[in-house]
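Welcome! Please take a moment with the sequence and the 3D view below, and then let the notes that follow guide you around.

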Amino acid sequence: MSEKTALTPATHTTPPAKFSHGVKKGNILQVAGQVGFLPAVPGQPPTPAGPTLREQTLQTFANVRAILEEGGATWDDVMMMRVYLTDTDHFAEMNEIYNQYFEEQGLTQAPAARTTVYVGLPKGLLIEIDALAVLS
(Lines give C-alpha, C1' and ligand atoms only; values in the text may rest on other atoms or scores of the structure.)
Protein backbone atom coordinates (compact mmCIF):
# COMPACT_ATOMS: atom_id res chain seq x y z
CA MET A 1 0.00 0.00 0.00
CA SER A 2 1.42 3.40 -0.95
CA GLU A 3 1.78 6.26 1.47
CA LYS A 4 -0.18 9.51 1.18
CA THR A 5 2.09 12.55 0.83
CA ALA A 6 1.01 16.17 1.35
CA LEU A 7 2.41 18.66 -1.17
CA THR A 8 3.15 22.32 -0.43
CA PRO A 9 5.54 23.99 -2.89
CA ALA A 10 7.86 26.71 -1.60
CA THR A 11 5.79 29.25 -3.57
CA HIS A 12 2.70 28.53 -1.47
CA THR A 13 1.71 29.63 2.01
CA THR A 14 1.00 27.08 4.71
CA PRO A 15 -2.73 26.30 4.49
CA PRO A 16 -4.81 28.13 7.12
CA ALA A 17 -6.51 24.90 8.22
CA LYS A 18 -5.68 21.20 8.38
CA PHE A 19 -5.56 20.54 4.63
CA SER A 20 -2.95 20.32 1.89
CA HIS A 21 -2.47 22.19 -1.37
CA GLY A 22 -2.03 18.80 -2.99
CA VAL A 23 -1.90 15.14 -2.03
CA LYS A 24 -0.20 12.27 -3.81
CA LYS A 25 -0.84 8.60 -3.19
CA GLY A 26 0.67 6.07 -5.55
CA ASN A 27 0.26 7.43 -9.05
CA ILE A 28 -2.70 9.71 -8.18
CA LEU A 29 -2.19 13.39 -7.42
CA GLN A 30 -5.06 15.65 -6.34
CA VAL A 31 -4.46 19.39 -6.48
CA ALA A 32 -6.73 21.26 -4.08
CA GLY A 33 -8.52 24.38 -5.28
CA GLN A 34 -5.99 27.07 -6.15
CA VAL A 35 -6.60 30.77 -6.63
CA GLY A 36 -4.59 33.59 -8.20
CA PHE A 37 -2.37 34.47 -5.25
CA LEU A 38 1.18 35.55 -6.03
CA PRO A 39 4.02 33.43 -4.60
CA ALA A 40 4.13 33.54 -0.83
CA VAL A 41 6.18 36.16 0.99
CA PRO A 42 6.97 35.13 4.59
CA GLY A 43 5.14 37.26 7.13
CA GLN A 44 2.77 38.80 4.58
CA PRO A 45 -0.82 37.82 3.79
CA PRO A 46 -1.58 36.28 0.39
CA THR A 47 -1.86 38.84 -2.42
CA PRO A 48 -3.96 38.40 -5.58
CA ALA A 49 -2.02 38.62 -8.87
CA GLY A 50 -4.22 41.52 -9.92
CA PRO A 51 -7.83 42.58 -10.32
CA THR A 52 -8.42 41.07 -13.78
CA LEU A 53 -9.58 37.60 -14.70
CA ARG A 54 -6.56 37.18 -17.01
CA GLU A 55 -4.03 38.01 -14.27
CA GLN A 56 -5.72 35.76 -11.74
CA THR A 57 -6.25 32.87 -14.17
CA LEU A 58 -2.63 32.82 -15.33
CA GLN A 59 -1.40 32.93 -11.71
CA THR A 60 -3.86 30.19 -10.77
CA PHE A 61 -2.47 28.01 -13.57
CA ALA A 62 1.05 28.71 -12.25
CA ASN A 63 -0.05 27.70 -8.75
CA VAL A 64 -1.66 24.46 -9.97
CA ARG A 65 1.43 23.70 -12.05
CA ALA A 66 3.72 24.22 -9.04
CA ILE A 67 1.84 21.55 -7.11
CA LEU A 68 1.82 19.19 -10.09
CA GLU A 69 5.59 19.59 -10.41
CA GLU A 70 6.09 19.15 -6.65
CA GLY A 71 4.38 15.77 -7.04
CA GLY A 72 6.30 14.79 -10.18
CA ALA A 73 3.44 15.46 -12.61
CA THR A 74 2.91 17.68 -15.65
CA TRP A 75 -0.13 19.11 -17.39
CA ASP A 76 -0.10 15.99 -19.60
CA ASP A 77 -0.85 13.88 -16.51
CA VAL A 78 -3.99 15.89 -15.66
CA MET A 79 -7.17 13.90 -16.23
CA MET A 80 -9.73 16.37 -14.85
CA MET A 81 -9.83 20.08 -14.07
CA ARG A 82 -12.62 21.90 -12.29
CA VAL A 83 -12.87 25.66 -12.76
CA TYR A 84 -14.95 27.82 -10.46
CA LEU A 85 -15.81 31.35 -11.60
CA THR A 86 -17.55 34.02 -9.57
CA ASP A 87 -19.35 35.58 -12.55
CA THR A 88 -21.13 33.94 -15.49
CA ASP A 89 -19.96 36.83 -17.68
CA HIS A 90 -16.39 35.46 -17.35
CA PHE A 91 -17.02 32.13 -19.14
CA ALA A 92 -15.99 33.28 -22.65
CA GLU A 93 -12.90 35.16 -21.44
CA MET A 94 -11.79 32.26 -19.26
CA ASN A 95 -12.19 29.83 -22.19
CA GLU A 96 -10.03 32.11 -24.36
CA ILE A 97 -7.32 32.35 -21.68
CA TYR A 98 -7.52 28.58 -21.03
CA ASN A 99 -7.18 27.67 -24.71
CA GLN A 100 -4.27 30.07 -25.27
CA TYR A 101 -2.44 28.94 -22.13
CA PHE A 102 -2.62 25.23 -22.96
CA GLU A 103 -1.69 25.84 -26.59
CA GLU A 104 1.45 27.65 -25.34
CA GLN A 105 2.15 24.71 -22.98
CA GLY A 106 2.08 22.32 -25.93
CA LEU A 107 -0.73 20.24 -24.45
CA THR A 108 -1.94 17.87 -27.14
CA GLN A 109 -4.71 16.05 -25.27
CA ALA A 110 -6.96 18.25 -23.18
CA PRO A 111 -8.16 16.91 -19.83
CA ALA A 112 -11.82 16.58 -19.02
CA ALA A 113 -12.99 19.85 -17.53
CA ARG A 114 -15.95 21.37 -15.77
CA THR A 115 -16.65 25.05 -15.21
CA THR A 116 -19.24 26.34 -12.80
CA VAL A 117 -20.11 29.55 -11.01
CA TYR A 118 -19.29 29.71 -7.33
CA VAL A 119 -19.93 32.79 -5.21
CA GLY A 120 -18.04 31.75 -2.06
CA LEU A 121 -14.50 32.88 -2.95
CA PRO A 122 -12.85 35.54 -0.79
CA LYS A 123 -13.50 39.14 -1.84
CA GLY A 124 -11.63 40.13 -4.99
CA LEU A 125 -10.90 36.59 -6.17
CA LEU A 126 -12.48 35.67 -9.50
CA ILE A 127 -11.39 32.08 -10.18
CA GLU A 128 -10.40 28.83 -8.47
CA ILE A 129 -9.09 25.68 -10.18
CA ASP A 130 -8.46 22.16 -8.90
CA ALA A 131 -7.01 19.23 -10.80
CA LEU A 132 -6.70 15.46 -10.67
CA ALA A 133 -3.60 13.89 -12.22
CA VAL A 134 -2.64 10.27 -12.81
CA LEU A 135 1.11 9.78 -13.22
CA SER A 136 2.37 7.20 -15.66
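The lining of the largest pocket is made up of 13 nonpolar residues, ten polar ones and one charged residue. Please keep in mind that this is a predicted model. The notes below start with this pocket and then move on to the helices and strands.

**The largest pocket**

- The volume of the largest pocket comes to about 470 Å³.
- Its lining counts 24 residues, and those nearest the centre are T13, H21, V35, F37 and P46.
- Strand β3 gives the largest share of this lining, with three residues.

**Helix α1**

- Helix α1 covers residues 53-70, which makes 18 residues.
- From its first C-alpha to its last, α1 reaches 26 Å, close to the 26 Å expected at 1.5 Å a residue.
- Many names appear on the buried list of α1: L53, Q56, T57, Q59, T60, F61, N63, V64, A66, I67 and L68.
- The partners that these buried residues pack against include the strands β1 (4-7), β2 (22-25) and β3 (28-34).
- Also among the packing partners are β4 (78-85), helix α2 (91-104) and β6 (127-134).
- After α1 comes G72, which has a positive phi, near 85°.

**L58, a partly exposed residue of α1**

- L58 is another residue to find in helix α1.
- L58 has a relative accessibility of 35%, so it counts as partly exposed; the partly exposed range lies between the 20% limit for buried and the 50% limit for exposed.
- Leaving aside residues up to four places away in sequence, L58 touches I97 and Y101.
- Along the chain, L58 and Y101 are 43 residues apart, while their C-alpha atoms are separated by 7.8 Å.

**M94, a buried residue of α2**

- Look for M94 in helix α2.
- Is M94 buried or exposed? It counts as buried because its relative accessibility is 1%, and buried means under 20%.
- Which residues does M94 touch, not counting those up to four places away in sequence? They are L53, V83, L85, T115 and I127.
- One of these contacts, L53, is also among the buried residues of α1.
- Two others, L85 and I127, stand opposite each other, with I127 in β6.
- M94 and N63 are 31 residues apart in sequence, and their C-alpha atoms are 16 Å apart in space.

**Strand β6 and its neighbours**

- Why is β6 described as largely enclosed by the rest of the structure? The reason is that six of its eight residues are buried.
- β6 pairs with β3 in the antiparallel sense, over five bridges.
- In that part of the structure, Q34 stands opposite I129 of β6.
- β6 is also joined to β4, by seven bridges, and these two strands run antiparallel.
- M81 has A131 of β6 as its bridge partner.

**Strand β4 and strand β5**

- How many bridges join β4 to β5? There are six, and the two strands run parallel.
- Strand β5 spans residues 112-117.
- Within β5, T116 is the bridge partner of Y84.
- To sum up β4, it runs antiparallel to β6 and parallel to β5.

How values were computed. Residues numbered from 1 in each chain as written. Predicted model: local features only at pLDDT ≥ 70, side-chain atom pairs only at ≥ 80, totals over all residues. Heavy atoms only, no water. Helix = DSSP H or I, 4+ residues; strand = E, 2+ residues; numbered from the N terminus. Expected span 1.5 Å × (residues − 1). Buried < 20%, exposed > 50% of the residue type's maximum accessible area, 1.4 Å probe, protein only. Contact = heavy atoms within 4.5 Å. Pairing = 2+ DSSP bridges. 1 Å grid on protein atoms, 1.4 Å probe; cavity = no way out; pocket = protein on both sides within 12 Å on 5 of 7 lines; lining within 4 Å. Points joined across faces, edges and corners; volume = space filled by probe spheres on them. Nonpolar A, V, L, I, M, F, W, Y, C, P; charged D, E, K, R; others polar.
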